[in-house]
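Colleague: I am new to this structure and should like to understand the terms used for its pockets and its ligand. May I ask how each term is justified?

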Amino acid sequence: MSNNIEKLKEEIRLKVEEALTKEELEIIRNNYLSKKGEFAKLMASMKDLPNEEKPAFGKLVNEAKTLIELILLDKLSIIKDKLLEEKLNNEKIDITVKGDKFSLGTIHPLNQVIEDLEDFFIAMGYEVKEGPEVELDLYNFEMMNFSEGHPARDMQDTFYVEDKVLLRTHTSPVQARTMLDSKNNPVKIICPGKTYRRDEDDLTHSHQFMQIEGLVIDKNISFANLKDTLLRMVRHLFGEKREIRVRPSYFPFVEPGVEVDVVVNNNDGTKRYIEVLGAGLIHPEVLRMGGYDPKEFSGFAFGIGVERIAMLKYNVEDIRNFYLNDLRFLQQFKGDLS
Ligand code: FA5
């Protein structure tokens with residue numbers, strides 16, 4: 001009986017050696033290893049053996065089956081390798097064939113401004129954060145010190161999803177979210193993103209626009225730190241000689257609050273001022289609501305209007321151009337797509 005097994009093994013080994021395709025291997029597997037195959041027949045013949053020989057015989061058959069499986073797998077992988085090699089040889093790329101021309105897009109000018117400012121602030125140790133555009137009244141207004149019915153809410157009317165759920169009117173709610181997450185640790189973040197207001201669209205206003213929020217909290221932060229940061233940013237954007245004008249202004253979440261204009265020299269020698277951001281030292285009440293003790297911590301924040309920066313940088317007169325998707329406009333801003 002064991003001779004039969006040896007013969008069968010030899011027979012299969014030869015057939016596998018000669019097989020050239022996956023299909024031929026499958027036929028071999030079927031003939032020998034399937035339920036009706038030769039090995040099944042051998043196992044069936046076991047009933048004629050004396051009882052004491054059955055276990056040893058069964059073991060031999062199983063070992064032979066395992067060996068054949070391995071031989072089949074080995075050969076399968078050789079055949080697959082060969083197929084792959086043939087395929088690769090047949091698919092040599094002819095680099096001299098003329099390719100299809102495809103046109104590269106450009107980075108939207110607003111995103112160019114955002115990327116540039118992200119690089120600028122990251123180099124100064126800031127982290128870039130994101131916040132939701134559909135925001136809770138709690139973060140957009142309440143925790144920014146606009147209590148219900150506060151008159152300053154009128155300057156930032158917006159689109160409501162539900163009673164207390166709205167499209168954020170500024171990126172400032174990220175201040176509240178960051179404070180709650182940072183649990184009394186120093187903070188140094190910026191957050192770029194879309195914002196919405198029920199403003200009439202005109203040359204300098206859009207109902208949807210972008211801001212970059214900045215928030216720094218630490219011990220002993222002063223107004224001088226804020227002014228220095230903003231002046232460096234403006235000079236990074238518009239050159240070393242550019243001046244800013246800082247005007248007192250009111251935002252419920254800062255004290256003191258300011259608006260910052262970039263000074264533009266007109267051709268006739270006069271000056272023009274373009275408001276680009278709001279800023280200030282964080283109001284003690286806002287710090288307290290965010291979990292910080294205003295006696296221990298202080299901070300500054302700013303909210304930059306991205307479109308206004310882009311308008312100044314690229315000399316665009318109508319803010320609406322950024323949102324019309326007119327290729328003749330957009331293709332003028334060749335951003336580096338690498
Ligand atoms: C704010 O939104 C404050 N959250 C900014 C701030 C942050 C103050 C942190 C203090 C501390 P304001 O409403 O002024 O402030 O908007 C900030 C900037 O967004 C403006 O200077 C302007 O550049 C831009 N902006 C505001 N409304 C529009 C609009 N409808 N279209 C385009 N840009 C706008």
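Modeller: In this predicted model, the lining of the largest pocket comprises 15 nonpolar, 13 polar and 7 charged residues.

Colleague: What makes a residue part of the lining of a pocket?

Modeller: A lining residue has an atom within 4 Å of a grid point of the pocket. The largest pocket has a volume of about 640 Å³. Of the 35 residues that line the largest pocket, Arg-197, Gln-211, Phe-251, Glu-259 and Glu-275 are the closest to its centre. Strand β9 makes the greatest contribution to this lining, 6 residues.

Colleague: Where does the ligand sit?

Modeller: The ligand sits in the largest pocket, which means that more than half of its atoms lie within 2 Å of the grid points of that pocket.

Colleague: Why is the pair formed by the ligand and the side chain of Arg-197 called a polar contact?

Modeller: An oxygen atom of the ligand lies 2.8 Å from an N or O atom in the Arg-197 side chain. The limit for a pair of N or O atoms is 3.5 Å, so the pair qualifies as a polar contact. Polar backbone atoms also approach ligand oxygen atoms, that of Val-276 at 3.4 Å and that of Leu-277 at 3.3 Å. The ligand taken alone exposes 670 Å², of which the protein buries 96%.

Colleague: Which element gives the most to the lining of the second largest pocket?

Modeller: Helix α10 does, with 3 residues. The volume of the second largest pocket is about 320 Å³, and its lining has 5 nonpolar, 3 polar and 4 charged residues.

How values were computed: Residues numbered from 1 in each chain as written. Predicted model: local features only at pLDDT ≥ 70, side-chain atom pairs only at ≥ 80, totals over all residues. Heavy atoms only, no water. Polar contact = N/O pair within 3.5 Å; in protein donor to acceptor, adjacent residues only side chain to side chain. Areas by Shrake-Rupley, 256 points an atom, 1.4 Å probe, with all protein chains shown as cover. 1 Å grid on protein atoms, 1.4 Å probe; cavity = no way out; pocket = protein on both sides within 12 Å on 5 of 7 lines; lining within 4 Å. Points joined across faces, edges and corners; volume = space filled by probe spheres on them. Helix = DSSP H or I, 4+ residues; strand = E, 2+ residues; numbered from the N terminus. Nonpolar A, V, L, I, M, F, W, Y, C, P; charged D, E, K, R; others polar.
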